[in-house]
Amino acid sequence: MPITFSHVSFAYPNGSLAVDDVSFTVNAGERLAIVGQNGAGKTTTVKLMNGLLKPTSGTVMVDGVATADRSTASIAETVGYVFQNPDDQIFASTVRAEMEYMPRYRKWDDAKRDERVARAARLAGIEAFFDGNPNDLPLVIRKFVAIAAILVGECKYIVLDEPTAGLDRPGQRRLIGMIDQLEAEGISVVTITHDMRFVAQAFTRVIAMANCRIVADGTCSSLFSSDGLLRQASIRRPELAQLAKDLGLSDTAYGLNDVAALIPDMPRASQR
């Protein structure tokens with residue numbers, strides 16, 4: 001079942017409104033990017049998905065149950081959240097201990113624990129770092145450790161907060177490959193990001209937010225082809241999309257192969 005927002009608003013204790021009358025649905029196996037300027041309401045919106053925050057008004061439903069009626073811990077079994085800064089999430093002294101914490105807390109048997117840990121490590125590409133101290137690892141690897149620790153669980157939805165921040169190109173390719181695999185398994189991936197290139201490469205649906213409300217909900221093409229929506233959400237097209245527009249080739253091409261197809265004799269290459 002989906003995650004459903006129905007006329008959801010959220011205000012902080014000081015009265016500051018962060019989300020204003022937002023309604024949308026995240027379906028199973030969907031790849032959704034939520035974009036917009038700082039303060040648009042993106043982070044608050046995704047924290048409402050997994051119960052870190054509860055609506056001031058309206059209803060957030062996860063698998064048919066209102067988050068207001070569930071504990072954050074129980075929602076986290078369905079909606080996993082990966083923080084932007086892995087140091088805000090990682091606490092164990094080894095990668096293995098970090099990944100085994102949740103299975104041990106939930107008292108899984110050894111076989112299930114080992115299978116889920118091995119799967120998550122394989123997806124995240126961190127098998128070689130099992131016995132290392134996360135504090136001694138580069139930021140790129142720590143980010144994948146944080147992701148893997150969430151993938152160990154049996155979440156139907158994974159929320160990634162600015163996942164490409166600090167990632168090099170190989171790390172970004174690994175991340176997109178992981179998202180591909182999660183989609184194949186029917187797991188939804190939601191990201192909040194300022195990286196429009198990443199959005200164009202990896203996501204099929206984009207929600208743009210401005211002033212605590214949704215101003216667009218559709219495909220990458222529909223967003224990146226609209227100067228008005230881009231201005232409203234204070235975001236820019238990916239570089240290739242802007243190049244194609246500036247050259248008068250297309251208003252809707254936003255990936256390398258999209259642009260290559262518009263230029264005679266230009267070889268195609270994987271944008272990943």
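**Exercise 1. Around helix 3**

Find which residue just after helix 3 takes a positive phi.

*Solution.* Step 1: locate the helix. Helix 3 covers residues 95-105; helices (H or I, at least four residues) and strands (E, at least two) are DSSP runs, numbered from the N terminus. Step 2: look just past the end of helix 3, where Lys 107 has a positive phi of about 60°.

Before going on, note that this is a predicted model, in which local features need pLDDT of at least 70 and side-chain atom pairs count only at pLDDT 80 or more, while totals for chains, interfaces and linings use all residues. Residues are numbered from 1 along each chain as its sequence is written, and side-chain values use heavy atoms, with hydrogens and water left out.

**Exercise 2. Two packed helices**

Describe how helix 3 and helix 4 pack, and name the residues that make the contact.

*Solution.* Step 1: recall what is needed. Two packed helices are described by the angle between their axes and the distance between the axes. Step 2: give both values. Helix 3 and helix 4 (residues 110-124) pack at an angle of about 145°, and their axes are 10 Å apart. Here axes are lines fitted to C-alpha atoms, for helices over the stretch in contact, and angles run from 0 to 180 degrees between N-to-C directions. Step 3: list the contact residues. Helix 3 contributes Met 99, Glu 100, Pro 103 and Arg 104, and helix 4 contributes Arg 113, Asp 114, Val 117, Ala 120 and Ala 121; contact means heavy atoms within 4.5 Å. Step 4: look at burial. The buried residues of helix 3 are Val 95, Glu 98, Met 99, Glu 100, Met 102 and Pro 103, where buried means under 20% relative accessible area, exposed over 50%, and partly exposed in between (1.4 Å probe, protein chains only). Their cover includes helix 4 and helix 5 (139-151).

**Exercise 3. Rings and charges**

Classify the pair of Phe 91 and Tyr 101.

*Solution.* Step 1: apply the rule. Rings of Phe, Tyr and Trp (its six-membered ring) pair if their centres lie within 6.5 Å; planes under 30 degrees apart count as stacked, over 60 as edge-to-face and the rest as tilted. Step 2: there are six aromatic pairs in the structure. For Phe 91 and Tyr 101, the ring centres are 5.0 Å apart and the planes stand at 90°, so this pair is edge-to-face. Step 3: place the rings. Phe 91 sits in the loop between strand 6 (79-82) and helix 3, whereas Tyr 101 is in helix 3, 10 residues apart. Step 4: check exposure. Phe 91 is exposed, at 55% relative accessible area, and Tyr 101 is partly exposed, at 44%. Step 5: widen the view. Phe 91 and Tyr 101 form one aromatic cluster with Tyr 105.

Which residue lies over the face of Phe 130? Arg 96 does, at 4.6 Å from the ring centre. Likewise, Arg 174 lies over the face of Phe 144, at 4.7 Å from the ring centre. The rule: a charge sits over a ring if NZ of Lys or CZ of Arg is within 6 Å of the ring centre and within 35 degrees of the ring normal.

**Exercise 4. The four-stranded sheet**

Work out which strands stand at the edges of the sheet with four strands.

*Solution.* Step 1: write the order. The open sheet runs 2-1-4-5, with antiparallel pairing; two strands pair if DSSP finds at least two bridges between them. Step 2: read off the edges. Strand 2 and strand 5 each have a single partner strand, so one side of each is left without a neighbour in the sheet. Step 3: count bridges. Strand 1 (residues 3-11) is joined to strand 2 (residues 17-26) by six bridges and to strand 4 (residues 57-62) by five. Two bridges link strand 4 to strand 5 (residues 65-66). Step 4: follow some partners. Thr 4 is matched with Thr 25 in strand 2, and Val 8 with Val 22. Ile 3 stands opposite Val 62 in strand 4, while Val 62 has Val 65 as its bridge partner in strand 5. Step 5: inspect the hairpins. Between strand 1 and strand 2 there are five residues, and Gly 15 takes a positive phi near 95°. Between strand 4 and strand 5 there are two, and Asp 63 takes a positive phi near 55°.
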